[in-house]
Amino acid sequence: MAEEKRIAGSVLSPGTVAGPALLAGAEQTIAIRRGIPAVERPAELAALSRAVEAATGELLALAGRVGKELGADKAEIFESHADILSDEEFRADLSRLVTEEGYSAASAVREATEAHAKDMEELDDEYFRARADDFRDIGHRVIEWIMRPAEEEASHIAKAGADCFPAVPSVVVSRTLSPGQTVAFHLPNVLAFVVSAGGANSHAAILARSLGIPAMVIPEAELATISNGTTLALNPEPGFLARDPGPETLAAVESERERESRRAERLKALLDLPAVTRCGRRIGLYANGGGMKDLAGISAARADGIGLFRTEFLFMEQESFPDEASQSAYYRRVLDTMGGRPVIFRLLDIGADKPLPYAPHPRENNPFLGWRGIRWLLDNPDVLISQLRAMLTASAETGRTVRIMVPMVCSRAEMTAVSDLVGNLKRETGGEALVGMMVETPAAAMTVRAFEGVSSFISVGSNDLTQYALAADRENELLGGLYSEFHPAVLSLMQKACADAKACGMETGVCGEFAASPEGAVYLAAMGFDELSASARALPAVKEAIRLIALEDARDLLRRALSLGSAAETRLLAREFLDRLAVSPGPGA
Ligand code: PEP
Ligand code: MG
């Protein structure tokens, strides 16, 4: 029996669990072979054709299942991959590499897909650059088929189209994990994700947390030692992955799971209670959402409203800009579902890590410092105006005031431009709106007072604020602990933004992931924020923390934190404070 090995990692989404590994999309290392003797080429060609057919069948089966479970738009990626593989010219290219140039089947696939990917990368257009990854994905899939024994083929295709893939509860292991890949799994059978790339606030990590699925990032060299079926245990000791866990570790996992389920029961009891501190201050607990599928969870969590509705997901699910009528019907549905509770719609926030395939975008050296959020919107007034008009029409039709939030604000002129447009559109549509700003840049955090009169509220986007304040890319796992909202510099920016906004009579909220952790919530309550907004799943633990603290103690804690020198120290300070009150740890604690 293999011996247990403990691997140190970082927790992207909390939870303790054990189960068999399922390798998905793992990097293949194949040696490029050329100069295959002519007599062997027909066999390579046959293997190639069989794999191309099998991969196409698998993609169509996946498209069918995903289309049924998650909607036609989510199935498109698989359909488009199947189209590429069915293309006569593409197939002829592959065959030629084998028959004329003597490549092995796998090498021909790698050569052709890599060449197409490189061609795409050279085009000065975001849409085509994103297609480069499509070619690489297709290459991986076909090579996996080439390497798979023939007798397994039928069962693999059947599984891809079945309602259960993975067929048994598994820990999905993949070098990277994109939101698109995630939806291709049958989530009830995904025990956990283990990856080797991705930071704590990468969109994949946020997604895993909102789904309540444990996730961990471990070094790539360690990931490479895991095979299909290897037993893995996440967090038998916080921050560690056990490969081939022994009986003691499995028993520890079991008892931790029991503790977690007792905790879930305890939190359930708070569902109908308000988030009020021991000293009587009520803090609004709002939920973050990005699509219709989130609304049921938001209602079930009894959120006070939606503090961040990421409208870019509506745009990302389409093949071209959604027209005004369909946008307004969409916003109206959100408002209707939430009844009278407030909804903050964030304007389309694209650029950087969220490109819109159909919106042309030049290559940028520093996309996170580039053409994104309000900068892009003001340069594309048709898109901005149609989104604003759609929101105001939804407001007029429902009789509710919409809250419109502007992303990536740096200067008053940006907010003035949006407020002026909203003023005109209110008259035109009869709708009502409050316009507010996200505080995601140190520039905005330092100058909130300058926005008096053009911003009714602020909402701190701590995910981006942290990366800009610390010059640490939120997606880069190499930076490890460097990216942390607990850094005293970030705390101090948030504190200043909150105090200045209050002095100008603006409502104050936080919608970044910092608000999703009980430790973060203590500091935010101490700063005086009116509302915290986080994924619905995170709200119970945050509520528990708020109900146990007295603001005077939390303020004292904040004062001490601001005199410390590192994120690790301020986080620990809050953790110890909560431990004394017996509050459960938040994500990654
Ligand atoms: C943020 O930056 O904190 C935020 C909420 O926006 P997003 O995570 O979508 O960039
Ligand atoms: Mg942001």
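This report describes one helix and two cysteines of a predicted model.

Residues are numbered from 1 along each chain as its sequence is written, and chains are lettered from A and ligands numbered from 1 in the order in which they are written. Local features need pLDDT of at least 70, side-chain atom pairs count only at pLDDT 80 or more, and totals for chains, interfaces and linings use all residues, while side-chain values use heavy atoms, with hydrogens and water left out.

**Helix α10**

Helices (DSSP runs of H or I, at least four residues) and strands (runs of E, at least two) are numbered from the N terminus. Helix α10 covers residues 247-268, and its end C-alpha atoms are 32 Å apart, which agrees with the 32 Å expected for 22 residues at 1.5 Å a residue. The expected span is 1.5 Å times one less than the number of residues.

Buried means under 20% relative accessible area, exposed over 50%, and partly exposed in between (1.4 Å probe, protein chains only). Thr-249, Val-253 and Leu-267 are the buried residues of α10. They lie on the same side of α10, because their arc around the axis is only 45 degrees; the arc is that of the directions from the helix axis to the C-beta atoms. On the other side of α10, Pro-247, Glu-248 and Arg-262 are exposed. The buried residues pack against β1, β3, β7, β8 and α21, where contact means heavy atoms within 4.5 Å.

**Cysteines**

A disulfide is a pair of cysteine sulfur atoms within 2.5 Å. The count by this rule is 0 disulfides.

| Cysteine | Nearest cysteine sulfur | Relative accessibility |
|---|---|---|
| Cys-410 | Cys-511, 16 Å | 25%, partly exposed |
| Cys-498 | Cys-504, 12 Å | 0%, buried |

The sulfur of Cys-498 is too far from that of Cys-504 for a bond.
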